[in-house]
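Reader: I would like a close look at one strand in the middle of this model. Take me through its surroundings step by step, and then outward to the rest.

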Number of protein chains: 2
Amino acid sequence: MKNKLSVVKIGGNVIEDENALDTFLTAFSKIEGLKILVHGGGKLATQLATKLGIESNMVDGRRITDAETVDVITMVYGGLANKKIVAQLQAKNINAIGLSGADGNSIQAHKRPVKEIDYGFVGDIEGVNPELISNLLSINLTPIFCALSHDGAGQLLNTNADTIASEIAIGMASTYETTLYYCFEKKGVLMDVADDNSVVKHINTATYQKLLSDNIIADGMLPKLHNCFHALNNTVSKVCLGDVTMLDKNTELFTTIKL
Amino acid sequence: MKNKLSVVKIGGNVIEDENALDTFLTAFSKIEGLKILVHGGGKLATQLATKLGIESNMVDGRRITDAETVDVITMVYGGLANKKIVAQLQAKNINAIGLSGADGNSIQAHKRPVKEIDYGFVGDIEGVNPELISNLLSINLTPIFCALSHDGAGQLLNTNADTIASEIAIGMASTYETTLYYCFEKKGVLMDVADDNSVVKHINTATYQKLLSDNIIADGMLPKLHNCFHALNNTVSKVCLGDVTMLDKNTELFTTIKL
């Protein structure tokens, strides 16, 4: 039997709010078995960029990352957010270790090729390093990944945290029975975006197609659900979407996705 | 026979200068055997603080670290400097992993007690975690420490990088034959500060006392040499002081200190 592994991706809204972050980290610390956290930095990067007089350019919700901006993201994601999370988890008796994709060569990527839009220093993931991650888990460490990969030639790359989470889950799924959790501000996939309790509790391949054709899954949920099925199609056991109460197991109101 | 371990502390002047940093990292990457790097962030933290309108207060060359300043230091030391060094070492085929003292609970400290001066969030080291560091070395990783420790209760603490280097060397010395290298802008301890080539090649306990009484060792060199002898008195084999050419072994012009 494979050991269980939970890969949890935390939303930007939680990172920005000290109380919400503490609640989340308490819930995360109580997850039984092996676990990995993946985070971005939410609006903190935009706030720092603004203070430094660096313009934040977003196209379709994605940040155009010039040289100054990748430095800001490295400071905020890799420094402030990552180290605070690690220090706070240590206080909760979790032996956390913070990582960018450059650390231990854990996430290899290449700079996104320029087509219509030049996204700048944005990474498209080539692969994760499951051996390194397994080694860290085996010496009782809990890896905390920020949303940075590297190109192997010395360049850090801003990388979508949802994608990092699904690629890590896929990389680990041959060794561990892996569940991927997307923890965000909603209780799951909603039938009616105006009704927070209208959670679709179970989704499979067939119902996913129906939800797509009925336009229930739209906008920002489209790439998220795409990541979920990409993970499931690559031997990840299960994907769950919901808010922090999903981790506490104090609720059944969250979305579980299986093939 | 114990394995050899080199603990190298890099000066702030090198971090600030891209070309000097690349030269240093090339030399560091060529050191044979197990190795650890320790760095601060030099003037980069002051530069960022200034841009953000945060005043930098220094007393006797030490930074008063209020809550805003510890965030700046976390961004610069733990984020920008650490992750750039790690990414650049990966490009030189060194499997580097960046760490603050919170990561893996590697450096435990307490906030310096307030006496005449309140230094703020500055850490006095209680101990390093040699088991964690040995575990990382054993899976072929090269630890890169930034100048941050933690108090175990969720607080990161600004910590002198020279002291971190000597405490790490001491912590590892029972397991490894450990040499501590202080790599800075000078070629070593100088008989005449105005003559860069007047290097004192060898210092021991007796000649150290003579250099002190003759005021050859003064100012910023006093705490550095204190750290050197603290390390030697705690089973570190050897301490070397010099510029980057010391690491290349292309020069004999550096200072070697033994008891």
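Author: Strand β11 of chain A spans residues 177–183, and six of its seven residues are buried, so the strand is largely enclosed by the rest of the structure. Keep in mind that this is a predicted model.

What flanks β11(A)? Start with strand β1 of chain A, residues 4–10, which pairs with β11(A) in the parallel sense over seven bridges. One pair to find by eye is A:Ser6, whose bridge partner in β11(A) is A:Thr179. Now turn to strand β13 of chain A, residues 238–242. Five bridges join it to β11(A), and these two strands also run parallel. A:Thr179 serves again here: its bridge partner in β13(A) is A:Lys238. Thus A:Thr179 is a handy marker, since it is bridged to A:Ser6 of β1(A) and to A:Lys238 of β13(A).

Next, place β11(A) in its sheet. Eight strands form an open sheet in chain A, in the order β5-β8-β2-β1-β11-β13-β14-β12, and the pairing is mixed. The edges belong to β5 and β12 (202–203), each with a single partner strand, so one side of each has no neighbour in the sheet.

Walk to the β12 edge. There β12(A) pairs with strand β14 of chain A, residues 255–257, through two bridges in the parallel sense. A:Ile203 stands opposite A:Ile257 of β14(A).

Now walk to the β5 edge. Strand β5 of chain A, residues 96–99, is joined to β8(A) by four bridges, and the two run parallel. A:Ile97 stands opposite A:Pro143 in β8(A). On its other side, β8(A) pairs with strand β2 of chain A, residues 34–39, over three bridges, again in the parallel sense. Look there for A:His39 opposite A:Cys146.

Is β8(A) buried or exposed? Five of the five residues in this strand, 142–146, are buried, so β8(A) too is largely enclosed by the rest of the structure. Cover comes on both faces. A:Thr142, A:Ile144 and A:Cys146 are buried on one side, and A:Pro143 and A:Phe145 are buried on the other.

The record adds a label for this region. UniProt, in an unreviewed entry, places the feature "domain: Aspartate/glutamate/uridylate kinase" at residues 5–240 of chain A. Over that range the chain is 39% helix and 24% strand, and the end C-alpha atoms are 13 Å apart.

On to the second copy. Chain B can be laid on chain A with an RMSD of 0.0 Å, by a turn of 180° and a shift of 0.0 Å along the axis. The two copies are thus related as by a two-fold rotation axis. In chain B, the C-alpha nearest that axis belongs to B:Gly79, at 1.8 Å. As for the interface, 100% of the interface residues of chain B are also interface residues in chain A, so the copies meet through the same surface.

The sheet has its counterpart in chain B. An open sheet of eight strands has the order β5-β8-β2-β1-β11-β13-β14-β12 there, with mixed pairing. At its edges stand β5 (96–99) and β12 (202–203) of chain B, each with a single partner strand, so one side of each is left without a neighbour in the sheet. Two bridges join β12(B) to β14 of chain B, residues 255–257, and the pair runs parallel. B:His202 has B:Thr256 as its bridge partner in β14(B).

What about the nonpolar core? The largest one has 112 residues, and those touching the most other members are A:Ile168, A:Leu241, B:Ile36, B:Ile168, B:Leu225 and B:Leu241. Take B:Ile36 as a sample. Beyond its neighbours within four places in sequence, its contacts include B:Val7, B:Phe28, B:Phe145, B:Ile168 and B:Met172.

Finish with a helix. In α3 of chain B, residues 44–51, the buried residues are B:Ala45, B:Leu48 and B:Ala49. They cover an arc of only 100° around the axis, which puts them on the same side of α3(B). The face turned away from that side carries the exposed residues B:Thr50 and B:Lys51. What covers the buried residues comes from both chains: it includes α4 (67–91) of chain A, along with β4 (62–63) and α4 (67–91) of chain B. Just after α3(B), B:Gly53 takes a positive phi of about 75°.

Technical notes
Residues are numbered from 1 along each chain as its sequence is written. Chains are lettered from A and ligands numbered from 1 in the order in which they are written. This is a predicted model: local features need pLDDT of at least 70, side-chain atom pairs count only at pLDDT 80 or more; totals for chains, interfaces and linings use all residues. Side-chain values use heavy atoms; hydrogens and water are left out. A nonpolar core is a set of buried Ala, Val, Leu, Ile, Met, Phe, Trp, Tyr and Cys residues joined through side-chain atoms within 4.5 Å. Buried means under 20% relative accessible area, exposed over 50%, partly exposed in between (1.4 Å probe, protein chains only). Contact means heavy atoms within 4.5 Å. UniProt positions are given in the numbering used here, feature names are shortened, and annotations may be inferred rather than shown by experiment. Copies are superposed by least squares on the C-alpha atoms of residues with pLDDT of at least 70 in both. Two strands pair if DSSP finds at least two bridges between them. The arc is that of the directions from the helix axis to the C-beta atoms.
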